[in-house]
Amino acid sequence: MNKKKDNKSKDKKIWISLISLIVLLAVLIGVTVFLMNDKEKKDENTLAYTDLIKELSYGNIEKVEMTVGSTTIKVKQKNGEEEKTAIVPNTESFIGLVQEKVAEGNQIELIQKPRSVFAQIPAFIISFLPTLIMLALFVMIFKMQGLGEKGKVYDDTERKTKIKFDDVAGLDEEKEELVEIVEFLKKPEKFTKMGAKIPKGVLLYGKPGTGKTLIAKAIAGEADVPFISMSGSEFIEMFAGLGASRVRKLFEKARKLAPCIVFIDEIDAIGSRRSSNSGAETENNQTLNQLLVEMDGFSSEETIIVLAATNRPEMLDKALLRPGRFDRQITIPTPDLKGRLEILKIHAKDKRVADDVNLESIAEDTAGFTGAELANILNEAAIIATKNKHEDIENSDIEEAVKKVTVGIEKRTRVYSEKDKKLTAYHEAGHAVVSRYLPTQTNVKEVSIIPRGVTGGYTMYKSDEDKYYISKTEMQEKLIALLGGRAAEKLVLDDISTGASNDIEVATKIARDMVTKYGMSENLGPIDFQGKEPYEIQMFGENIGDKIGQEVKTLIDTAYHDAQTLLKEHRDKLDSIAETLLQKEKINEEDFKKFF
Ligand code: ADP
Ligand code: MG
Ligand code: ZN
């Protein structure tokens, strides 16, 4: 009920701000026009002081208008139609002159006006007026933004969520762990009577799109308590101290609404390790400190549970993980085969999916995809089906959507030269042929030289059944397959192109991980070098950095060499597949197998 009231007063505030803004703008324009006009008039209608004295002595002046304290005067000449302005060096002596003339019998109307408001303001302020108004405008805009943001935190419509655990597919074990939190929120007394301490904070670790926000909302939905959320990056402010005050406000609200859930997304933005002393860092520390103070502050009777999400747990300040803070941590993994199927099923529910669509096979083809990506695929499929004027979403629409999401949209209209085409054909054929002869590599699903997204062509592999471990041999062979494209270019055209840049990037990362993360280098042994500063790895020997580099290079060189050897050996296959690609642009799994 007070939902409406809150919204109304918020609306009112925004209106007032808007109207003030418009008024300010009008004033700004008015003043600018006024100042400009004034200046123009001056240019056209000024009378030099010497001329003024002459005119005065000739008896040609009819009216003099002066403002106290100003040396700018207005005069009207007898024959002149308009008033002119003049600047007099000394107003008193000028008045004396005029009075002399009047005494001589000249008819001069002398008007002396009191100080004008404008005249009272020093000239430099007037010239700064537009700037001042601009400044005022900026302040206004900032305030309005503040209003908007406050609205977000306090927005009552956001408070209750209808999302339930059933809307979260897979993640069964994680849900099981979180059911307890729901119970805490529903019946805190039950636990406190027993002497149990209610947990304060739960950290959710996981890649973007794995459903962290979704599951946090589901907890609130299951417990039927308000859900207040904010993202860590919103706390990072250019004005020092604002981040901390936002945290304070967030918890003030939470206390009023308790029992409730506070969700802090991207907590790494405020809670990263307090190491250096740069400006931004100090601000973050204030924000982080405030968060710690708030979490330590509320008693367990208040039943506020803080959920936070991050995809970079290693970045977090250890202080956040102490008891009484985020002492529970739950990893939200990318879904496995079963999870993917369930996610696809959930998101297919509200779409017109044809009966013969095989979600199982799509789940099989999408190893490594997150929930968000799978949801996206079905959405893309619906768009593609609409474009294709299909009755329902068909298998082909979904397959097209998978490709669109993974390699980009097909760009049949992109024109490219015969030379480029040949290069692409050999590059892709190179990947495909090489991987065909590598036992650990999966089957080729499709080879194409139709440009998609930013790539000229692509080779798609059958996706792996979900695996927990990858062997060294497998990684070495992956390197060979990745470099097969470049190797074919070199072998056939004796020239190399930029087309392999992504392959090289991926290969380098894999080789580096093999050496520094997985301890797969015989010479360096199973030591974790990843992400360490030079001084940290120095203890493993002198020039250890050089040795790491050397090992990575050896892995890449060997793989490139092996790829070339394989291609030389099977040159006939390479040629015929490249030829076929040039003719047909695409080869599917079945046709590909026929070459061997
Ligand atoms: P995160 O917060 O981890 O980045 P989100 O919770 O924002 O991910 O997920 C984005 C979207 O992806 C969700 O709104 C939902 O549509 C879909 N999604 C992700 N994981 C799942 C899941 N396990 N079950 C159902 N949908 C999911
Ligand atoms: Mg999220
Ligand atoms: Zn390639």
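Okay, let's start with a proline: Pro-259 sits in the loop between helix H11, residues 242–257, and strand S8, residues 260–265. The bond leading into Pro-259 is what caught my eye. Going from Ala-258 to Pro-259, the peptide bond is cis, with omega near 0°. For background, most peptide bonds are trans, and most residues other than glycine have a negative phi. Before I go on, please keep in mind that this is a predicted model.

Staying with backbone geometry, I have two aspartates to show you. Asp-224 has a positive phi of about 55°, and it is not a glycine. You'll find Asp-224 in the loop between H9 and strand S7, which covers 227–231. Buried or exposed, then, is Asp-224? Exposed: its relative accessible area is 51%, and the cut-off for that word is over 50%.

The other one is Asp-494. Here phi is near 50°, again a positive value in a residue other than glycine. Asp-494 lies in the loop between H19 and H20. With a relative accessibility of 56%, Asp-494 counts as exposed.

Those two loops bring us to the helices. A quick reminder: two packed helices are described by the angle between their axes and the distance between the axes.

Take H7, residues 172–186, and H9, residues 212–223. They pack at an angle of about 40°, with their axes 9 Å apart. So what do we call that arrangement of H7 and H9? The two are oblique to each other, because about 40° is neither under 35 degrees nor in the 65 to 115 range. The crossing of H7 and H9 is right-handed. If you want to click on the residues, H7 brings Lys-175, Leu-178, Ile-181, Val-182, Leu-185 and Lys-186. From H9 they meet Ile-215, Ile-219, Glu-222 and Ala-223. Sorted by class, the residues of this H7 and H9 contact are 7 nonpolar, no polar and 3 charged.

Now the other helix pair: H19, residues 472–493, with H22, residues 544–569. Their axes come within 7 Å and cross at roughly 60°. That makes H19 oblique to H22 as well. H19 passes H22 in a right-handed crossing. The list of contact residues is a long read, so I'll just pick some. On H19 they include Leu-479, Ile-480, Leu-483, Gly-484 and Arg-486. On H22, among them are Leu-555, Ile-556, Ala-559, Tyr-560 and Asp-562. The contact of H19 with H22 has 13 nonpolar, 3 polar and 4 charged residues.

Next, the metal. Which protein residues are the donors of the zinc ion, ligand 3? They are His-427 through NE2, His-431 through NE2, and Asp-503 through OD, lying 2.0 to 2.1 Å from the zinc ion. Along the sequence, the donor residues follow the spacing H-x3-H-x71-D. The pair of His-427 and Asp-503 links distant parts of the chain, 76 residues apart: His-427 is in helix H18, residues 418–436, and Asp-503 is in helix H20, residues 501–516. Both His-427 and Asp-503 are buried.

Let me finish with three more buried residues. We'll go strand by strand, with a loop at the end.

Leu-47 is in strand S1, residues 46–47. Its relative accessibility is 10%, so Leu-47 counts as buried. What does Leu-47 touch, leaving out residues up to four places away in sequence? The partners are Leu-52, Val-75, Gln-77, Lys-84, Thr-85 and Ala-86. One of those, Lys-84, is 37 residues from Leu-47 along the chain, and their C-alpha atoms are separated by 6.4 Å.

Then there's Glu-65, in strand S2, residues 61–67. Glu-65 is a charged residue, and it is buried, with a relative accessible area of 14%. Not counting residues up to four places away in sequence, Glu-65 touches Ile-73, Lys-74, Glu-83, Ile-111 and Lys-113.

Last one: Leu-316, in the loop between strand S9, 304–310, and strand S10, 328–331. Leu-316 may be in a loop, but it is buried, with a relative accessible area of 0%. How far apart are Leu-316 and Ser-272 in space? It's 4.5 Å, C-alpha to C-alpha, with their positions 44 residues apart in sequence.

Technical notes: Residues numbered from 1 in each chain as written. Chains lettered and ligands numbered in written order. Predicted model: local features only at pLDDT ≥ 70, side-chain atom pairs only at ≥ 80, totals over all residues. Heavy atoms only, no water. Axes fitted to C-alpha atoms, helices over the stretch in contact; angles between N-to-C directions. Helix = DSSP H or I, 4+ residues; strand = E, 2+ residues; numbered from the N terminus. Parallel < 35°, antiparallel > 145°, perpendicular 65-115°, else oblique. Left-handed = near helix turned anticlockwise from the far one by under 90°. Contact = heavy atoms within 4.5 Å. Buried < 20%, exposed > 50% of the residue type's maximum accessible area, 1.4 Å probe, protein only. Donors = N, O, S within 2.8 Å, 3.2 Å for Na, K, Ca; no water.
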